[in-house]
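Work through the following exercises with the sequence and the coordinates at hand, taking each solution one step at a time.

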Amino acid sequence: MTENVIAENIAAIKKDIPENVTLVGVTKHRSVEETQAVVDAGVYDLGENKVQEFLAKVDEVKGPVRWHFIGHLQRNKVKYLMGKVSLIHSVHSVPLLKTIEKESAKHGVKTNVLIQFNLAKEDSKSGFMAEEYEMVMKEVGNCPHLEVQGLMCIGPMTKKSDEIHKVFKHLKELYDTIEKEYHGENIKMQYLSMGMTDDYPIAIEEGATIVRIGRKIFNR
Ligand SMILES: *Cc1c(COP(=O)(O)O)cnc(C)c1O
């Protein structure tokens with residue numbers, strides 16, 4: 001029953017999304033069985049936001065899953081993700097950047113990351129301010145075990161679509177600027193991760209290449 005609902009919801013979402021946009025199914029707070037149903041419906045990119053929960057699931061869910069870490073990441077938990085995640089979306093501070101670099105070197109892996117920006121300027125959200133991008137990208141230059149593959153943001157908490165457009169447009173502009181000014185050895189811009197259940201159509205209009213969708217997959 002649940003499996004059917006999940007598969008139907010995913011089919012509906014996929015109709016909305018162009019080929020070149022990756023759907024990350026956000027399975028946080030969902031059981032192994034629900035998570036497995038998402039994989040069985042053909043979504044192999046899964047997003048988790050708690051290290052503990054991710055570790056409990058990673059060996060239980062079967063299939064060619066690419067795990068995305070999308071939540072607030074504490075520095076003391078970084079080591080548990082090494083070699084296990086395809087992409088960390090939520091690099092929100094320089095100390096976190098440095099910890100991921102250090103742990104990646106220690107584990108002999110290269111870690112793919114996105115830089116998270118807080119363009120809605122809401123205190124409840126983490127991420128860099130737009131003005132900090134040069135400083136951040138300079139730091140990335142000292143992190144050979146990281147590969148920056150793009151940017152991520154969470155849309156503003158509003159129903160006003162013009163405000164949502166503004167934030168996503170801004171992230172796309174930052175993305176283009178960084179791609180132009182910094183593309184190099186460990187900076188290979190390819191992903192613009194923005195858009196969730198309530199705002200993903202707007203995010204796609206503004207150039208998202210990854211959308212992160214949770215509720216719409218599981219809602220009845
Ligand atoms: C929970 C979460 C999502 C999914 O949100 P929905 O509204 O359930 O689609 C996407 N991104 C992040 C960072 C999240 O924490």
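For the first exercise, Ala, Val, Leu, Ile, Met, Phe, Trp, Tyr, Cys and Pro count as nonpolar, Asp, Glu, Lys and Arg as charged, and the others, Gly among them, as polar. The model is a predicted one.

**Exercise 1.** List the residues around the ligand and sort them by class.

Solution. The list of residues around the ligand begins with Val-26, Lys-28, Ile-70, Met-152 and Ile-154, and it continues with Met-196, Thr-197, Arg-212, Ile-213, Gly-214 and Arg-215. Sorting this shell by class then gives six nonpolar, two polar and three charged residues.

**Exercise 2.** Find polar atoms of the protein that lie 2.8 Å from an oxygen atom of the ligand, and state how much of the ligand the protein buries.

Solution. Begin with Lys-28, where a polar side-chain atom lies 2.8 Å from a ligand oxygen atom. At Gly-214 the partner is instead a polar backbone atom, 2.8 Å from an oxygen atom of the ligand, while Arg-215 places a side-chain N or O atom 2.8 Å from a ligand oxygen. Taken alone, the ligand exposes 390 Å², and the protein buries 89% of that area. As a last step, identify the space that the ligand takes, which is the largest pocket.

**Exercise 3.** Describe the span that UniProt lists as a domain.

Solution. The unreviewed UniProt entry lists residues 6-215 as "domain: Alanine racemase N-terminal". The end C-alpha atoms of residues 6-215 lie 10 Å apart, and the span is 40% helix and 21% strand.

Technical notes
Residues are numbered from 1 along each chain as its sequence is written. This is a predicted model: local features need pLDDT of at least 70, side-chain atom pairs count only at pLDDT 80 or more; totals for chains, interfaces and linings use all residues. Side-chain values use heavy atoms; hydrogens and water are left out. A residue is near a molecule or strand if one of its heavy atoms lies within 4 Å of it. A polar contact is a pair of N or O atoms within 3.5 Å; within protein, one must be able to donate a hydrogen and the other to accept it, and residues adjacent in sequence count only if both atoms are side-chain atoms. Accessible areas come from the Shrake-Rupley method with a 1.4 Å probe; for residues, only the protein chains shown count as cover. On a 1 Å grid over the protein atoms alone, a cavity is a set of points where a 1.4 Å probe fits but cannot get out, and a pocket is an open set with protein on both sides within 12 Å along at least five of seven lines; lining residues have an atom within 4 Å of a point. A molecule sits in a cavity or pocket if more than half of its atoms lie within 2 Å of its grid points. UniProt positions are given in the numbering used here, feature names are shortened, and annotations may be inferred rather than shown by experiment. Helices (H or I, at least four residues) and strands (E, at least two) are DSSP runs, numbered from the N terminus.
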